[in-house]
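Let's take a walk through a protein, one stop at a time. Have the sequence and the 3D view ready.

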Amino acid sequence: MLANTLRAIALLVLAVALAGCSQFVGDNRHNVPLPKALVDRLAAIGSSPAEPMMIRVFKQSSELEVWKRTGSGQYALVKTYAICKWSGGLGPKIQEGDYQSPEGFYDVTPGHLNPKSAYWLSFNVGFPNKFDQAWGRTGSNLMVHGDCKSVGCFAMTDEGVKELYALVRESFRGGNRSVQMQLLPFRMNEANLSANAASPHLAFWRNLKEGTDIFDATKLPPAVDVCEKRYVFNRTGAAPLDPNGACPVAPLSTMAAL
């Protein structure tokens, strides 16, 4: 009798323990809440989980930054995550199977969230975008995910991707339609560009720098479009541009945007 009672108590304790361990795994892992420390950090900068956000990736230093809109209307840095692994070298992704992590300006939308990823959680960066398509570049399933393995993706630790996924999820739940991702080779300053002056990608990187300069000066993500197979930022006019067509005669210049 006593043995049966003890066995029943042991099974009950085990069931409770397993329930606690599995609260946010399996099909429910995508609902893991933001850690209190991160929510407190958002409040400290005058933001909240529901506010718009932007992500910046720097390949060379393996850093991923999360920026959120604050009460001032400008964006502030929330947290910097170490990228566990990315693949390829500095420069854009060209074709499917080149194992290259992409570079450029991308939009993550709600449909890009993958709550049942084989790599804990993941979201698609949006490659190929309008710019990539204009250049005939190919690739699929380019993600930010966990598990620290990459064949063209940006792999985080599982703990890191839990927070990132939750931040993106809460921004969408706040009514925001997209999260801008700036995927960059390195911090876009003249010293780094000069150090890579011999690269065949220099002109492309200088085009990216036009957009990053706008954000650095205004702390507002630039509006992005493509014409003449290059990125243009904060242009006037509402109609989307033809990525292969001529740019407007007098687009809003980068300096004017600043």
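Our starting point is a pair of strands: strand 11 and strand 12 run antiparallel and are joined by four bridges. Keep in mind as you look around that this is a predicted model. To find one of those contacts, click on Val226, whose bridge partner in strand 12 is Tyr231. The two strands make a hairpin, with two residues between them. In that turn you'll meet Glu228, which has a positive phi of about 50°.

Stay around here for a moment, since strand 11 also holds a cysteine. Which residue does Cys227 pair up with? A disulfide joins Cys227 to Cys247, with 2.0 Å from S to S. Cys227 sits in strand 11 (residues 224–227), while Cys247 is in the loop between strand 12 (230–233) and helix 7 (254–257), so this link ties together parts that are 20 residues apart in sequence. The angle about the S-S bond is 95°, and the link is right-handed. Both cysteines, Cys227 and Cys247, are buried.

How many disulfides does the structure hold? There are two. For the other one, go to Cys84 and Cys148, whose sulfur atoms are 1.8 Å apart. Cys84 belongs to the loop between strand 3 (75–82) and strand 4 (85–86), and Cys148 to the loop between strand 8 (143–145) and strand 9 (154–155), so the bond ties together parts that are 64 residues apart in sequence. This disulfide is left-handed, because the torsion about its S-S bond is about -75°. Are its cysteines buried or partly exposed? Cys84 is partly exposed, at a relative accessible area of 33%, and Cys148 is partly exposed too, at 30%. Count the bonded cysteines along the chain and you get the pattern 1-2, 3-4. While you're looking at cysteines, check out Cys153 as well: its relative accessible area is 8%, so it counts as buried.

Next, some backbone details in the loops. Phe127 and Pro128 are joined by a cis peptide bond, with omega at about 0°. You'll find Pro128 in the loop between strand 7 (122–124) and helix 3 (130–134).

On the other side of strand 7, look in the loop between strand 6 (113–114) and strand 7 for Trp120. This residue isn't a glycine, yet its phi is positive, near 75°. Trp120 has a relative accessibility of 18%, so it counts as buried; the cut-off for that is under 20%. Now compare Asn141, in the loop between helix 3 and strand 8. Asn141 has a positive phi as well, near 55°, and again we're dealing with a residue other than glycine. But Asn141 is exposed, with a relative accessible area of 55%.

Our last stop is helix 4, which covers residues 158–173. From its first C-alpha to its last, this 16-residue helix reaches 22 Å, close to the 22 Å expected at 1.5 Å a residue. Why can we call helix 4 largely enclosed by the rest of the structure? Because twelve of its 16 residues are buried. Among those buried residues are Val161, Leu164, Leu167, Val168 and Phe172, and you'll also spot Glu163, Arg169 and Glu170 on the list. Just after the helix comes Gly175, with a positive phi of about 100°.

Technical notes. Residues are numbered from 1 along each chain as its sequence is written. This is a predicted model: local features need pLDDT of at least 70, side-chain atom pairs count only at pLDDT 80 or more; totals for chains, interfaces and linings use all residues. Side-chain values use heavy atoms; hydrogens and water are left out. A disulfide is a pair of cysteine sulfur atoms within 2.5 Å. Buried means under 20% relative accessible area, exposed over 50%, partly exposed in between (1.4 Å probe, protein chains only). Two strands pair if DSSP finds at least two bridges between them. The expected span of a helix is 1.5 Å times one less than its number of residues.
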